[in-house]
Amino acid sequence: MAVLTAVFAALLHALTPFPAAAAGAGAPPGGAPADWTARPGGGAGDRDARPYVYLEGTPGTALQDRLAVTNSGRAPLTVRLRGDGRAGAWSRFAEDTVTVPPRTRAEVPLALTVPPAATPGDASGELVATGRGAEVRVPVRVRIGGPTLAALTVEDVEIAGGAIRYALVNRGNALLRPRLAVRVEGVFGTLLDRPERPLPLELAPGRRVERTEPWPDAPALDAVTVRLRVAAEGGARDEAEASETYVPVAPAAGGGLLLLGGVAALASRAYRKRRTGRGAPRPPEPSEPPEAGAPPGIGASHRGPDPDHRPLAQAGARP
């Protein structure tokens, strides 16, 4: 019985999965740390945690918040704090380097000052905490008071390598979540029609993003026009298009020769028809009696060359 109990315990231990935290131990920078977290302060637990730091204020206002760092490990944790991005650069921590004791949660005060010349609208950035070879980024959003303007443009549309490349630019002062619709028209009809769908990005004011729309089924022989239509909240919308002609490289030479041959045949046929019409025999004209003193056999009709009886080889030649 003791042996059976030991075997059963060993099997149960082998089948029990390791905790998720252990799987993330030793994560490289940018990965989730195994034994510490950083998130917006104020929440008592995961259910109360905010997904990001959100602040509102007018230009020149100093806004207050906190960043919570929790050390669930058994050794002290030292983290470095900084801001990144537009709104992150406006942030200042009470301390740039913080040491958190084991199994302790520390909330670090931060102040975010909206520049006096900031444009009304939305600004975004990140609060970055780095420690134990890992990095955590906490999003920060700032709503700047004042009139907002939603403006979005789609630019530099081109077709290349089985894809459609384009750029999106936020020309306003509001944070935008663009939506895109794609339509491609060929000589014989519609080749591609993708209805409007949201893109997986948030476009901050003044930001430009280059994107690629896959199109693996581009035709081998056609003349196409690509039309992109983008839209976002606040009534922002824009359209742009690009054209491209697809001609196969190898068949193009033969097709071109056949086309030139057909054109040459038609031209030759038309020219032969023209020559046949010009060279048709005319009825003989009555000869006039020779003038006095003229040599025998030479009449008035042979005094000089008749322009209507020029050789065919000279027809159309310049005098």
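This is a walk through two sheets, a set of salt bridges and one pocket of a predicted model.

Two points of bookkeeping come before the tour. Because the model is predicted, local features need pLDDT of at least 70 and side-chain atom pairs count only at pLDDT 80 or more, while totals for chains, interfaces and linings use all residues. Residues are numbered from 1 along each chain as its sequence is written, and side-chain values use heavy atoms, with hydrogens and water left out.

Let us begin with a sheet built from four strands in the order S1-S3-S7-S5, open and antiparallel in its pairing. At its edges stand S1 and strand S5 (91–93), each with a single partner strand, so one side of each has no neighbour in the sheet. From one strand to the next, the twist averages 25 degrees. Two terms need their cut-offs here: strands are DSSP runs of E with at least two residues, numbered from the N terminus, and two strands pair if DSSP finds at least two bridges between them. For the twist, axes are lines fitted to C-alpha atoms, and angles run from 0 to 180 degrees between N-to-C directions. As general background, strands of a sheet pair through backbone hydrogen bonds, either parallel or antiparallel.

We can now follow this sheet from S1 across to S5. Strand S1 (residues 36–40) runs antiparallel to strand S3 (residues 62–71), and five bridges join them; Thr37 stands opposite Thr70 in S3. S3 in turn pairs with strand S7 (residues 104–113) over ten bridges, again in the antiparallel sense. There, Asn71 has Thr104 of S7 as its bridge partner. The last step is from S7 to S5, an antiparallel pairing over three bridges, where Ser91 faces Leu112 in S7.

A second open sheet also has four strands and antiparallel pairing, in the order S13-S12-S15-S16. Its edge strands are S13 and strand S16 (236–246), each of which pairs on one side only. Here the twist averages 10 degrees from one strand to the next. Within this sheet, S12 and strand S15 (residues 222–232) are antiparallel and share seven bridges, and Arg179 stands opposite Ala231 in S15.

Arg179 also leads us to the charged side chains. A salt bridge is counted when a side-chain nitrogen of Lys or Arg lies within 4 Å of a carboxyl oxygen of Asp or Glu, and a search of the whole structure finds 22 of them. In one of these, Arg179 meets Glu196, with the closest N and O atoms 2.8 Å apart. This pair links distant parts of the chain, as Glu196 is in strand S13 (residues 189–198) and Arg179 in strand S12 (residues 179–186), 17 residues apart. How accessible are the two partners? Glu196 is partly exposed at 37% relative accessibility, and Arg179 is also partly exposed, at 27%. On this scale, buried means under 20% relative accessible area and exposed over 50%, with partly exposed in between (1.4 Å probe, protein chains only).

Another salt bridge joins Arg137 and Glu126, at 2.6 Å from N to O. Arg137 lies in strand S9 and Glu126 in strand S8, eleven residues apart along the chain. Arg137 is partly exposed, with a relative accessible area of 35%, and Glu126 is partly exposed at 26%. Both belong to a network of salt bridges that links Arg82, Asp84, Glu126, Glu135 and Arg137. Back in the sheet we met at the start, Glu107 forms a salt bridge with Arg105, with 3.0 Å between the closest N and O atoms. Glu107 is partly exposed at 28%, as is Arg105 at 36%.

Our last stop is the second largest pocket, which holds about 180 Å³ of space. Among its 14 lining residues, Tyr54, Asp122, Arg143, Leu175 and Arg177 are the closest to the centre. A pocket here is an open set of points on a 1 Å grid over the protein atoms alone, where a 1.4 Å probe fits, with protein on both sides within 12 Å along at least five of seven lines; lining residues have an atom within 4 Å of a point. The volume is the space filled by probe spheres set on the points.

Which strands contribute to this lining? Strand S8 (121–131) and strand S9 (134–144) each supply at least two residues, and the largest share, three residues, comes from S9. By residue class, the lining has eight nonpolar, one polar and five charged residues. Here Ala, Val, Leu, Ile, Met, Phe, Trp, Tyr, Cys and Pro count as nonpolar, Asp, Glu, Lys and Arg as charged, and the others, Gly among them, as polar.
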